[in-house]
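Me: I'm new to this one and would like to learn how to read it. Could you walk me through it, feature by feature?

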Amino acid sequence: MKKSRLTAAGYSNAKGALDIVREIGEITATLWWRFFDWLAQVEWRKLVIIWLLVMIFGMTPFGHPEQTGAFIVLSLGLKVLAGGKRRAELEARDATTHADEEGLERRLVEARMAALQAQVEPHFLFNTLALIGQLIETDPPQAARIHQNLIDYLRATLPQMRARGAGTLGRQIEMSRAYLAIMQARMRARLAVSIDVPDEMQSATFPVMMLQILIENAIKHGLEPKIAGGRIDIRASVDNQVLQVDVLDDGIGFNVHAGDGLGLANVRERLRILYGNRAQLVIEAPLTGGTRASIRLPYAPDIFAGGAP
């Protein structure tokens with residue numbers, strides 16, 4: 001019995017010693033790779049300064065010249081032979097991580113955009129259907145026109161909302177025409193519309209729903225509060241391979257201290273993720289009054305589209 005206990009105790013002690021050795025090995029390997037990664041990325045200038053400091057310390061009574069020389073030779077060899085490869089591996093890993101983060105960020109913003117649209121669409125559809133219901137008794141021809149405009153709007157909108165990736169400016173104009181036709185039926189003489197987009201720009205890449213958000217913002221905050229209503233002008237131009245799409249209204253203007261609402265904030269965020277600093281949303285107050293909202297982004301036409309949206 002005593003012999004068995006001694007055997008068990010010896011086995012336990014041996015296992016504990018092996019665990020300690022294994023842990024020491026893991027810590028040593030971790031420290032080595034951290035040193036190796038640091039050595040691969042540190043600038044030569046900083047490394048030379050460190051070598052000089054080590055040499056100075058090695059010449060003191062507390063230093064060891066042999067170890068100092070070995071450290072300098074070893075670090076120099078590792079830096080020259082393997083530093084470039086290791087640095088490239090680390091940069092590739094960082095780039096992959098950054099790309100994954102950008103992909104997640106893009107999906108998050110698109111999800112927010114879909115949620116925003118899900119909030120807007122039912123409200124818009126309810127108001128439009130209520131208007132059709134009222135006009136059926138008082139003005140059947142007008143009710144029929146609005147009904148057709150609603151069909152056109154849904155036919156243009158739904159495929160784009162379900163599609164992934166960017167749309168074209170032509171498709172966004174098509175959707176905006178149908179939307180504005182409905183709004184004109186609701187606001188009657190209080191809303192005038194002008195669209196000036198050259199045919200050759202119709203195939204240009206343009207993010208889905210951004211144009212309509214600017215139009216909705218112009219009507220809601222610029223024209224609807226104005227008793228006489230007003231006018232919306234949509235224009236597109238290209239300068240130095242930059243596509244600029246403007247939505248102008250002659251409404252009550254905007255409060256520069258109010259900040260962006262949810263829709264405009266989403267537009268800014270989507271532009272940042274899709275184009276970085278190559279695109280922007282600019283809100284201005286023209287001297288003639290009202291508001292100008294402009295989206296500027298790289299001009300990327302489809303050369304095979306032949307001007308079709």
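Reply: Sure, and let's begin with the sheet. This is a predicted model, and in it 5 strands form an open sheet in the order E2-E4-E5-E7-E6, with mixed pairing. The edge strands, each pairing on one side only, are E2 (191–196) and E6 (280–284). From one strand to the next, the twist averages 15 degrees.

Me: How many helices and strands are there in the protein chain?

Reply: The protein chain has 8 helices and 7 strands.

Me: Let's zoom in on one edge. In what sense do E6 and E7 pair?

Reply: E6 pairs with E7 (residues 291–298) in the antiparallel sense, over 5 bridges. To follow a pairing by eye, look for residues that stand opposite each other. Here Leu281 stands opposite Ile295 in E7, and Val282 stands opposite Ser294 in E7. A general idea helps as you step along: in a regular strand, side chains alternate between the two faces of the sheet.

Me: What about the turn between those two strands?

Reply: The hairpin of E6 and E7 has 6 residues between the strands, and Gly289 there takes a positive phi near 100 degrees.

Me: How many bridges join E5 to E7?

Reply: There are 8 bridges between E5 (residues 242–249) and E7, and the two run antiparallel. One pair to find on screen is Val242, which stands opposite Pro298 in E7.

Me: Which strands does helix H8 touch where it packs on the sheet?

Reply: H8 (residues 262–275) touches E6 and E7 as it packs on the sheet, and its direction makes about 145 degrees with that of E6.

Me: Now helix against helix. How do I read the angle between H7 and H8?

Reply: The angle compares the N-to-C directions of the two helices, and over 145 degrees counts as roughly antiparallel. H7 and H8 pack at an angle of about 155 degrees, with their axes 10 Å apart, and are therefore roughly antiparallel to each other. H7 passes H8 in a left-handed crossing. On the H7 side, the contact is made by Met210, Ile213, Leu214 and Asn217; on the H8 side, by Gly263, Leu264, Val267, Arg270 and Leu271.

Me: Could we take one residue from that contact? Is Ile213 buried or exposed?

Reply: Ile213 sits in helix H7 and counts as buried, at 8% relative accessibility. It also shows how the fold brings sequence positions together: Ile213 and Leu264 are 51 residues apart in sequence, and their C-alpha atoms are 7.3 Å apart in space.

Me: What share of the contacts in the protein chain comes from residues 24 or more positions apart?

Reply: Among contacts with a separation of 6 or more, such residues account for 71%.

Me: And at what angle do H6 and H7 cross?

Reply: H6 (residues 169–187) and H7 (residues 210–223) cross at roughly 25 degrees, and their axes come within 9 Å. Angles under 35 degrees count as roughly parallel, and H6 and H7 are therefore roughly parallel to each other. Their crossing is right-handed. The residues that meet include Tyr179, Leu180 and Met183 in H6, and Ile215, Ile219 and Leu223 in H7.

Me: Gln212 is on H7 too. Is Gln212 buried or exposed?

Reply: Gln212, in helix H7, counts as buried at 1% relative accessibility. Leaving aside residues up to four places away in sequence, Gln212 touches Tyr153, Met175, Ser176 and Tyr179.

Me: How much of the protein chain counts as buried?

Reply: Of its 309 residues, 34% count as buried. As for the surface, the protein chain exposes about 19,100 Å², and carbon and sulfur atoms supply 60% of that.

Me: Last topic: backbone angles. What should I look for?

Reply: Most residues other than glycine have a negative phi. That makes exceptions worth a look. Arg188 is not a glycine, yet it has a positive phi of about 55 degrees. Arg188 lies in the loop between H6 and E2 and is partly exposed, with a relative accessible area of 48%.

Me: Where is Met209 found, and is Met209 buried or exposed?

Reply: Met209 is in the loop between E3 (205–206) and H7. Met209 is buried, with a relative accessible area of 2%, and it has a positive phi of about 75 degrees although it is not a glycine.

Note on methods: Residues are numbered from 1 along each chain as its sequence is written. This is a predicted model: local features need pLDDT of at least 70, side-chain atom pairs count only at pLDDT 80 or more; totals for chains, interfaces and linings use all residues. Side-chain values use heavy atoms; hydrogens and water are left out. Two strands pair if DSSP finds at least two bridges between them. Helices (H or I, at least four residues) and strands (E, at least two) are DSSP runs, numbered from the N terminus. Axes are lines fitted to C-alpha atoms, for helices over the stretch in contact, and angles run from 0 to 180 degrees between N-to-C directions. Contact means heavy atoms within 4.5 Å. Buried means under 20% relative accessible area, exposed over 50%, partly exposed in between (1.4 Å probe, protein chains only). Accessible areas come from the Shrake-Rupley method with a 1.4 Å probe; for residues, only the protein chains shown count as cover. Angles under 35 degrees count as roughly parallel, over 145 as roughly antiparallel, 65 to 115 as roughly perpendicular and the rest as oblique. A crossing is left-handed if the near helix is turned anticlockwise from the far one by less than a right angle, and right-handed if clockwise.
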